[in-house]
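Open the model in your viewer and keep the sequence panel beside it. This tour tells you what to select at each stop and what is there.

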Amino acid sequence: MVLDITPVPISASFNAGPRLVTVNFDKPLAPGPLNPTNWLLHDTLQEYVPTAPPTAAGSAVTWTASMFGAPTPPGNVVTYAATPADLTGLLGAPVAAFAQPWI
């Protein structure tokens, strides 16, 4: 039997007031700061980047967003590039690059 230990994103949200981005995962993550260049938030009006390193804690990654550029495809999503793959589960399994729709 193979144990699935790689965390997978299950939801994302963007609170426009404080510009807080939250990505929730199905498994706990290794805690700590992450490379900000791996993260982007796209919406229909703007593209956003982290103002400081995103932080993994529990089963979520959070970061505060700053406007970066014009809107780009693929629409209302948070993307993680995984270059380098610094987001991992508690046992060190790296999270693959993704584009998670946000609400």
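The radius of gyration is taken here over C-alpha atoms, and the globule rule is 2.2 Å times the number of residues to the power 0.38. This is a predicted model, in which local features need pLDDT of at least 70, side-chain atom pairs count only at pLDDT 80 or more, and totals for chains, interfaces and linings use all residues. Residues are numbered from 1 along each chain as its sequence is written, and side-chain values use heavy atoms, with hydrogens and water left out.

**Stop 1: the whole chain**

Select the protein chain. For its 103 residues, a compact globule would have a radius of gyration near 13 Å, and the chain agrees because its own value is 13 Å. Along the principal axes, the C-alpha atoms fill a box of roughly 45 × 25 × 25 Å.

Now switch to cartoon view. Helices (H or I, at least four residues) and strands (E, at least two) are DSSP runs, numbered from the N terminus. The protein chain has nine strands and zero helices. Its pattern along the sequence reads β-β-β-β-β-β-β-β-β.

Next, colour by burial. Buried means under 20% relative accessible area, exposed over 50%, and partly exposed in between (1.4 Å probe, protein chains only). Of the 103 residues, 41% count as buried.

Show the surface. Accessible areas come from the Shrake-Rupley method with a 1.4 Å probe; for residues, only the protein chains shown count as cover. The chain exposes about 5300 Å², and carbon and sulfur atoms supply 66% of that area.

Contact means heavy atoms within 4.5 Å. Among contacts between residues at least 6 apart in sequence, 55% join residues at least 24 apart.

**Stop 2: strands E8 and E9**

Select residues 77-80, strand E8, together with E9. Two strands pair if DSSP finds at least two bridges between them. E8 and E9 pair in the antiparallel sense over four bridges. Which residue in E9 is the bridge partner of Val-78? The partner is Gln-100.

Show the side chains of E9, residues 98-101. They alternate along the strand. Phe-98 and Gln-100 point to one face and are buried. Ala-99 and Pro-101 point to the other face and are not buried.

Return to E8 and pick Val-77, which is found in that strand. Val-77 counts as buried because its relative accessibility is 8%. Leave out residues up to four places away in sequence, and Val-77 touches Leu-40, Leu-41, His-42, Ala-99, Gln-100, Pro-101 and Trp-102. Try a distance to Ala-52: the two residues are 25 apart in sequence and 19 Å apart in space, C-alpha to C-alpha.

Thr-79 also has its place in E8. Is Thr-79 buried or exposed? Thr-79 is buried, as its relative accessible area is 16%. Beyond four places in sequence, its contacts include Asn-38, Trp-39 and Phe-98.

**Stop 3: Asn-38**

Follow that contact to Asn-38. This residue lies in the loop between strand E3 (32-33) and strand E4 (39-42). A relative accessible area of 2% makes Asn-38 buried. Leaving aside neighbours within four places in sequence, Asn-38 is in contact with Thr-79, Tyr-80, Ala-81, Ala-82, Thr-83, Pro-84 and Asp-86.

**Stop 4: the loop between E8 and E9**

Select Ala-82, which sits in this loop. Its phi is near 60 degrees, a positive value in a residue other than glycine. Ala-82 is buried, at 18% relative accessible area.

Pro-84 lies in the loop between E8 and E9. The peptide bond from Thr-83 to Pro-84 is cis, with omega near 10 degrees.

Move on to Leu-91, also placed in the loop between E8 and E9. Leu-91 counts as exposed because its relative accessibility is 68%. Add Ile-5 and Leu-90: with Leu-91 they form a nonpolar patch on the surface, with about 310 Å² of accessible area together. Patches are made of residues with over 30% relative accessible area and no salt bridge; like charges are joined within 9 Å, and nonpolar side chains (Val, Leu, Ile, Met, Phe, Trp, Tyr) within 5 Å.

**Stop 5: a charged pair**

A salt bridge is a side-chain nitrogen of Lys or Arg within 4 Å of a carboxyl oxygen of Asp or Glu. The structure holds one salt bridge. Select Lys-27 and Asp-26: their closest N and O atoms are 3.0 Å apart. Lys-27 is buried, at 19% relative accessible area, while Asp-26 is partly exposed, at 38%.
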